[in-house]
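Here are a few short exercises to work through with the model open beside you. Try each one before reading its solution.

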Amino acid sequence: MAAPDRMNDYLSAPNPVDGGLRHARRGRRGKGFVAGIVVGALLLVGGGATAAWFGYRASLDDNLERIDAFEGVDESTRPSAAPAEGPDTPVNILVLGSDSRISAGDPNAWEAGAQRTDAIMLVHLSADRQTAAAISIPRDSWVDIPGVGEAKINAAFSYGGPALMIQTVEQLTGVRVDHFAVTDFQSFTTLTDSLDGVEITVPDGAGGSVRQAMNGEEALAFARERHALANGDFGRVQRQQAWMRAIVAKANNNRSDPLKMAGFLQAVTSSVAVDEDFTFDRMQELFQSAGDISTNDITFMTAPYTGTGRSADGQSIVVLDRATFDPLMEAVAKDDLPGFLAEAPENMDLLPAVVQ
């Protein structure tokens with residue numbers, strides 16, 4: 001079982017605007033990571049939102065599709081919340097990408113094996129509102145699903161919907177999930193174009209990198225590519241994270257423009273289904289409390305893994321590196337992620353920083 005190269009090969013494929021990715025295959029694989037963008041952008045734009053675009057509250061709140069995501073989750077089996085040391089508490093949000101966001105609201109529509117999640121991300125906002133993290137869990141991670149047994153983690157959503165996915169992630173990580181969000185991939189280009197495009201770091205052809213302005217279709221091609229990457233799905237996850245960071249950065253830059261932000265938030269709230277307690281008022285509370293967080297304060301990473309392998313029944317799987325994964329998640333549960341990262345192993349799969 002070979003461990004993959006941890007080089008940041010999300011930069012290793014051609015510049016999409018130069019033609020290398022413009023014709024990337026638009027299959028079903030690659031859908032869904034927009035969930036992380038949606039929630040990350042909502043939470044991490046910060047507290048600089050103007051009263052003008054918060055005036056759209058009623059319309060934005062109506063846009064949000066509601067899911068009773070925690071129905072059936074046994075409270076007695078759930079991890080404890082991290083203790084609060086100040087006026088705020090840490091917040092953990094499980095965000096998923098699915099083929100169909102609408103059907104995610106109707107448990108009766110699920111059929112075992114018929115609907116899985118292409119992207120799984122745990123977004124952590126610290127209690128002091130100084131840092132945040134977006135941790136991608138590979139969809140093929142081999143884990144124990146309560147009541148099912150060992151399987152790929154993305155099967156939990158198919159077997160039992162939001163509740164079973166929440167239970168699976170909480171059991172795996174020991175982190176209490178406070179909110180849940182799921183989306184489809186339909187609004188990818190709309191989100192990007194509502195901000196008049198984004199700038200994503202791409203290779204310059206000479207061993208370095210440059211920031212490339214991309215519209216929605218170009219960003220879509222960049223983020224969905226995996227076949228040209230040495231790390232395949234792992235490299236694609238980093239591209240997805242790079243796009244998420246670009247969206248957050250652009251939204252931060254535009255937050256003083258009420259017209260642009262109103263359009264962006266209309267697109268965001270129309271693209272996501274959330275648990276019943278994740279109201280727009282709750283989001284606004286998080287906006288205002290997280291006003292000091294900048295793009296550089298957000299850590300993007302992939303959950304530690306040792307490599308890929310085969311399950312006993314022959315499935316291609318991702319093997320999590322529990323020696324690193326468990327302490328990482330313990331740090332998240334205790335709201336001490338910066339302390340963990342200060343002494344983290346060198347092979348941690350972090351999205352490389354962008355020099356401002």
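**Exercise 1.** In which loop does Asp335 lie? Then find its phi in this predicted model.

*Solution.* Start with the neighbours: Asp335 sits in the loop between helix 10 (322-333) and helix 11 (337-342). Next, turn to the backbone: phi of Asp335 is near 60 degrees, a positive value in a residue other than glycine.

**Exercise 2.** Locate Arg129 and decide: is Arg129 buried or exposed?

*Solution.* First, go to the loop between strand 3 (117-125) and strand 4 (132-136), where Arg129 lies. Its phi is also positive, near 60 degrees, and Arg129 is not a glycine. Now the accessibility: the relative accessible area of Arg129 is 3%. Buried means under 20%, so Arg129 is buried.

**Exercise 3.** Compare the span of helix 4 (residues 155-173) with that of a straight helix, and look for a kink.

*Solution.* A straight helix of 19 residues would span 27 Å, yet helix 4 spans only 17 Å between its end C-alpha atoms. Walking along helix 4, you meet a kink of about 130 degrees at Gly161, shortly before Pro162. For the surroundings, 15 of the 19 residues are buried, so helix 4 is largely enclosed by the rest of the structure. After helix 4 comes Gly174, with a positive phi near 75 degrees.

**Exercise 4.** Which residues of helix 7 meet helix 8?

*Solution.* Begin with the geometry: helix 7 (residues 233-254) and helix 8 (residues 258-269) pack at about 145 degrees, their axes 9 Å apart. From helix 7, Ile247, Ala251 and Asn254 meet Lys260, Met261 and Phe264 of helix 8. Sorted by type, these contact residues are four nonpolar, one polar and one charged.

Notes:
Residues numbered from 1 in each chain as written. Predicted model: local features only at pLDDT ≥ 70, side-chain atom pairs only at ≥ 80, totals over all residues. Heavy atoms only, no water. Helix = DSSP H or I, 4+ residues; strand = E, 2+ residues; numbered from the N terminus. Expected span 1.5 Å × (residues − 1). Bend = angle between axes of the 7 residues up to and from the residue. Buried < 20%, exposed > 50% of the residue type's maximum accessible area, 1.4 Å probe, protein only. Axes fitted to C-alpha atoms, helices over the stretch in contact; angles between N-to-C directions. Contact = heavy atoms within 4.5 Å. Nonpolar A, V, L, I, M, F, W, Y, C, P; charged D, E, K, R; others polar.
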